[in-house]
Amino acid sequence: MQLATLKLSVDAHVATVTLNRPDVRNAFNETVIEELTGTFRALATNDDVRAIVLAAEGVAFCAGADLNWMKKMAGYSDTENRADAMTLAVMLNTIYRCPKPVIARVQGDTYAGGVGLAAVADIVVAVDTAHFCLSEAKLGLIPATIGPYVIRALGEQASRRYFLTAERFTATTAQRLGLVHEVVTDDTLDSTVGALAKALVDNSPNAVKECKRLVQDFAGRAIDEAAIADTAERIAKIRASDEGREGVRSFLEKRSPSWRDAS
């Protein structure tokens, strides 16, 4: 895969996708969006990959939209604007729905659409010096395509405040609100991300995929008879799966499961 704006590597079942535009604080444009969409779609079907780290080069994780891209958008027709916005919406959903778990390695400031990139990840680790900002209202815009994911991560009340005020907030505040899982120092960022990635790789690949799907499908869903039946169906199905049977056997036999031996 030829990539102009990203770097991609795979090691020990962990793929690292790195935003590689440090000169513009990793702001995204149509090329970044296209490459992120294509890369995550490819990784989704790569059986050698069990976890994905989304990282960035330079001092910022992602500053949102590229200024030159925004200038170009200013001249778009309504039809062109809708099509362009849809590509961003599809990219975010592609990452969010990727069957492989995604860890966002946030090494610096994260603004606007960059907050969306963090919000679509399953686990977010941020350095204690990073700041976050939903800055769209300052420009007369709204955080629409990232909104569903950010609102799920921050909650309704915090989203009301930070969408409307466009204030900066710290990594510690982001953790308190639920957007960030771990706040670490710069010198422990890689070891923390590495430990989380190893934990993901050590687990059953199929179970991890189904756990991620379970959370997404049931977040906010009413616990009615249909939901109860759905959960029973899911556990029955995974118990009968090859990895489900192997996991129980290996536990009873006090040995490592086959997927861990293979790694």
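**Figure 1. Arg82 and Asp78 pair up within helix H3.** The side chains of Arg82 and Asp78 meet in a salt bridge, with 2.9 Å from N to O. (A salt bridge here is a side-chain nitrogen of Lys or Arg within 4 Å of a carboxyl oxygen of Asp or Glu.) Side chains of opposite charge can pair when their charged atoms come close. Both residues belong to helix H3, which covers residues 78-96, and they sit 4 residues apart, about one turn of the helix. (Helices, H or I with at least four residues, and strands, E with at least two, are DSSP runs numbered from the N terminus.) Is Arg82 buried or exposed? With a relative accessible area of 60%, Arg82 is exposed. (Buried means under 20% relative accessible area, exposed means over 50%, and partly exposed is in between, using a 1.4 Å probe and protein chains only.) A word on what you are looking at: this is a predicted model, in which local features need pLDDT of at least 70 and side-chain atom pairs count only at pLDDT 80 or more, while totals for chains, interfaces and linings use all residues. Residues are numbered from 1 along each chain as its sequence is written, and side-chain values use heavy atoms, with hydrogens and water left out.

**Figure 2. Asp190 and Arg105 form a salt bridge between distant parts of the chain.** The closest N and O atoms of Asp190 and Arg105 are 2.7 Å apart. Asp190 is in helix H8, while Arg105 is in strand S5 (residues 102-106), so 85 residues separate the two along the chain. The partners also have their own surroundings: Asp190 is partly exposed at 49% relative accessibility, and Arg105 is buried at 17%.

**Figure 3. Arg234 takes part in a network of salt bridges.** Find Arg234 in helix H10, which covers residues 225-239. Which residue of helix H10 meets Arg234 in a salt bridge? Asp230 does, with 2.9 Å from N to O. Arg234 and Asp230 are 4 residues apart in helix H10, about one turn of the helix. Arg234 is buried, with a relative accessible area of 18%, whereas Asp230 is partly exposed at 21%. Another partner to look for is Asp217, whose side chain is joined to that of Arg234 by a polar contact of 2.8 Å. (A polar contact is a pair of N or O atoms within 3.5 Å; within protein, one must be able to donate a hydrogen and the other to accept it, and residues adjacent in sequence count only if both atoms are side-chain atoms.) Leaving aside neighbours within four places in sequence, Arg234 is in contact with Arg213, Leu214, Asp217 and Phe218. (Contact means heavy atoms within 4.5 Å.) The linked network consists of Arg97, Glu210, Arg213, Asp217, Arg221, Asp230 and Arg234. How many salt bridges does a search of the whole structure find? The search finds 19.

**Figure 4. Ser204 reaches Glu243 from a loop.** Ser204 lies in the loop between helix H8 (189-202) and helix H9 (205-218). At 10% relative accessibility, Ser204 counts as buried. A polar contact of 2.4 Å joins its side chain to that of Glu243. Not counting residues up to four places away in sequence, Ser204 touches Glu243 and Trp259.

**Figure 5. Met73 is buried in helix H2.** Helix H2 covers residues 67-73, and Met73 is part of it. The relative accessibility of Met73 is 18%, so this residue counts as buried. Apart from neighbours within four places in sequence, Met73 is in contact with Asn81 and Asp84. For a sense of scale, the C-alpha atoms of Met73 and Phe28 are separated by 13 Å, and the two residues are 45 apart along the chain.

**Figure 6. Cys62 and Cys133 are too far from each other for a bond.** A disulfide is a covalent bond between the sulfur atoms of two cysteines. (The cut-off used is a pair of cysteine sulfur atoms within 2.5 Å.) How many disulfides does a search of the whole structure find? The search finds 0. The sulfur of Cys62 has its closest cysteine sulfur in Cys133, but 13 Å away, which is too far for a bond. Both cysteines are tucked inside by the accessibility cut-off: Cys62 is buried at 0%, and Cys133 is buried at 1%.

Methods
Disulfide = S-S within 2.5 Å.
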